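Reader: I would like to go through this structure with you, beginning with how its helices pack. Could you take me through it?

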Amino acid sequence: MARAAQVLKSGALVAFPTETVYGLGADATNAAAVARIYQVKGRPADHPLIVHLSEMHDISDWSEDIPDYAIALARNFWPGPMTLIFKRSALAQDFITGAQDTVGVRVPNHPVALALLAEFKQLGGKGIAAPSANRFGHVSPTSAQAVSEELEDYLNPSDLILDGGASSVGVESTIIDCTGTLPHILRPGAISEAMISEVTGLEVSKEDSTIRVSGSLENHYSPSAEVLLDKAPNPGDGFIALSDIATPPGVVRIASPKNNEEFARVLYAALRSADQQSLTRVVVHQPSGDDIAVAIRDRLLRASRGR
Ligand code: TXA
Ligand code: MG
C-alpha cells in the first residue's frame with residue numbers, strides 16, 4: 001500500500017479494486033497524471049472523473065454548497081456504492097470536472113481502496129481520480145485479471161494493478177446529483193431510489209437533469225458479442241438468466257445467478273467470458289424489480305444498444 005501510494009504521488013497510475021468495479025486511479029490534483037487516465041482509457045477529454053476520498057469529511061476540500069440531504073446520504077451509505085455530485089471547489093480543476101462547475105465524489109467500500117486512500121492522504125494526497133478501469137465504451141472490469149486483459153497494452157512499467165479479488169457489487173455506483181433541492185439519480189446503482197428517499201425523507205427528482213454523464217451515452221458497457229434482451233435464443237448463443245429460468249436447448253449458459261444481487265455481481269464477468277469464448281451473440285433475460293435490477297437493466301440496455 002505504501003508503495004502504491006508513492007506510485008500515485010509520483011504521477012503514475014494505480015488500478016485498484018472497489019466494491020463496485022475496479023478503478024484506474026491517479027492523483028486528482030495532478031493534471032499530467034489525470035491526462036494519462038484519458039490516454040490509457042481512450043476516453044474523450046471532456047468526460048468528468050469521480051474523485052475517491054478516504055472519508056466523508058474530505059468532501060469539503062472538493063465541493064461547496066452541500067445540502068443536508070447529501071449529508072444524510074453520505075452518513076448512511078459511505079463508504080459505499082454511491083457518488084455524489086456537488087458544486088466544485090477551486091481544487092476540482094477543469095481536468096477533473098470536464099470543465100463543468102460540478103464535481104463527483106465517492107468514499108468506496110473496499111479494504112484495499114480505503115487502505116490506498118489512507119496511505120495516499122499520509123503523503124499529502126487530496127483524493128484519487130478514478131474512472132472504471134476499462135477502455136472507453138467497454139465492459140467495466142470486476143477483477144484484477146480483467147483490468148490486466150483490458151489495459152496491459154496501454155499501461156507503463158511504473159503503473160500498478162492492485163488485486164483485491166472480485167468486486168462484491170459488480171455494477172458502478174449510483175450517481176446522485178446533489179445540486180438541486182431534491183436528489184436526482186443520474187446513474188442507477190446498488191443504492192436504490194427507495195433507499196435514497198428513506199434516509200433523506202425526500203422524493204427523488206424526476207426532472208430532466210442538464211448534467212452530462214458519459215455512462216448515459218448509448219453504446220456503453222459493451223462486449224464484442226451482440227447483446228440481445230429478452231429474446232428467444234438460437235442454438236450456440238450465450239445465455240444469461242436467473243437460475244430459476246431453464247436453459248433453452250443448444251445454448252451456452254454463461255451465468256445462472258440466484259438473485260438480483262448475484263446477477264449484478266457476475267454480469268460483467270459473464271459478458272467478458274462470452275467474448276473469450278468467441279460467442280457472437282448473448283441473449284440476456286433481464287431481472288425484474290426496483291432494487292439493483294434497475295441498474296442491471298440500465299447497463300444491459302446500453303450494452304445492447306437498444307436491441
Ligand atoms: O462505481 C463507480 O462509480 C466506479 C468506481 C471505480 O468508483 N467508477 C466509475 O467511473 O464508474 P466512470 O468514470 O467510469 O463513470 C463515472 C461517471 C461518468 O459517466 C461521468 O460522466 C460521471 O460519472 N461524472 C463524474 N463526475 C461528474 C460530474 N461532475 N457531473 C456529472 N457526471 C459526472
Ligand atoms: Mg466507466
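Author: Certainly; please note that this is a predicted model. The axes of helix H1 (residues 2-9) and helix H6 (residues 111-122) come within 8 Å, crossing at roughly 60 degrees. That angle makes H1 oblique to H6.

Reader: What is the handedness of the crossing of H1 and H6?

Author: H1 and H6 cross in a right-handed manner.

Reader: Which residues in H1 and H6 meet?

Author: From H1, Ala2, Ala4, Ala5, Leu8 and Lys9 take part, and they meet Leu116, Glu119 and Phe120 in H6. By class, the contact of H1 with H6 holds six nonpolar residues, no polar ones and two charged ones.

Reader: And H4 with H8, at what angle do they pack?

Author: H4 and helix H8 (residues 193-200) pack at about 115 degrees, and their axes are 9 Å apart. The two helices are therefore roughly perpendicular to each other, as angles of 65 to 115 degrees count as such. H4 passes H8 in a right-handed crossing. On the H4 side the contact is made by Tyr69, Ala72, Leu73, Asn76 and Phe77, and on the H8 side by Met195, Ile196, Val199 and Thr200.

Reader: How do the residues in the contact of H4 with H8 divide by class?

Author: Seven are nonpolar, two are polar and none is charged in the contact of H4 with H8.

Reader: Turning to pockets, what is the volume of the second largest pocket?

Author: The second largest pocket has a volume of about 260 Å³. Its lining consists of Arg135, His138, Val139, Glu149, Glu150, Ser222, Pro223, Ser224, Arg272, Asp275 and Gln276. These lining residues divide into two nonpolar, four polar and five charged.

Reader: Which helices supply at least two residues each of that lining?

Author: Helix H7 (144-151) and helix H9 (260-276) each do so for the second largest pocket. H9 gives the most to this lining, with three residues.

Reader: Now the backbone. Where is the cis peptide bond?

Author: The cis peptide bond joins Trp78 and Pro79, with omega at about -10 degrees. Pro79 lies in the loop between helix H4 (68-77) and strand S5 (82-88). As background, most peptide bonds are trans.

Reader: What is phi of Asp230, and where is that residue found?

Author: Phi of Asp230 is near 55 degrees, a positive value in a residue other than glycine. Most residues other than glycine have a negative phi. Asp230 sits in the loop between strand S11 (226-229) and strand S12 (238-240).

Conventions. Residues numbered from 1 in each chain as written. Chains lettered and ligands numbered in written order. Predicted model: local features only at pLDDT ≥ 70, side-chain atom pairs only at ≥ 80, totals over all residues. Heavy atoms only, no water. Axes fitted to C-alpha atoms, helices over the stretch in contact; angles between N-to-C directions. Helix = DSSP H or I, 4+ residues; strand = E, 2+ residues; numbered from the N terminus. Parallel < 35°, antiparallel > 145°, perpendicular 65-115°, else oblique. Left-handed = near helix turned anticlockwise from the far one by under 90°. Contact = heavy atoms within 4.5 Å. Nonpolar A, V, L, I, M, F, W, Y, C, P; charged D, E, K, R; others polar. 1 Å grid on protein atoms, 1.4 Å probe; cavity = no way out; pocket = protein on both sides within 12 Å on 5 of 7 lines; lining within 4 Å. Points joined across faces, edges and corners; volume = space filled by probe spheres on them.
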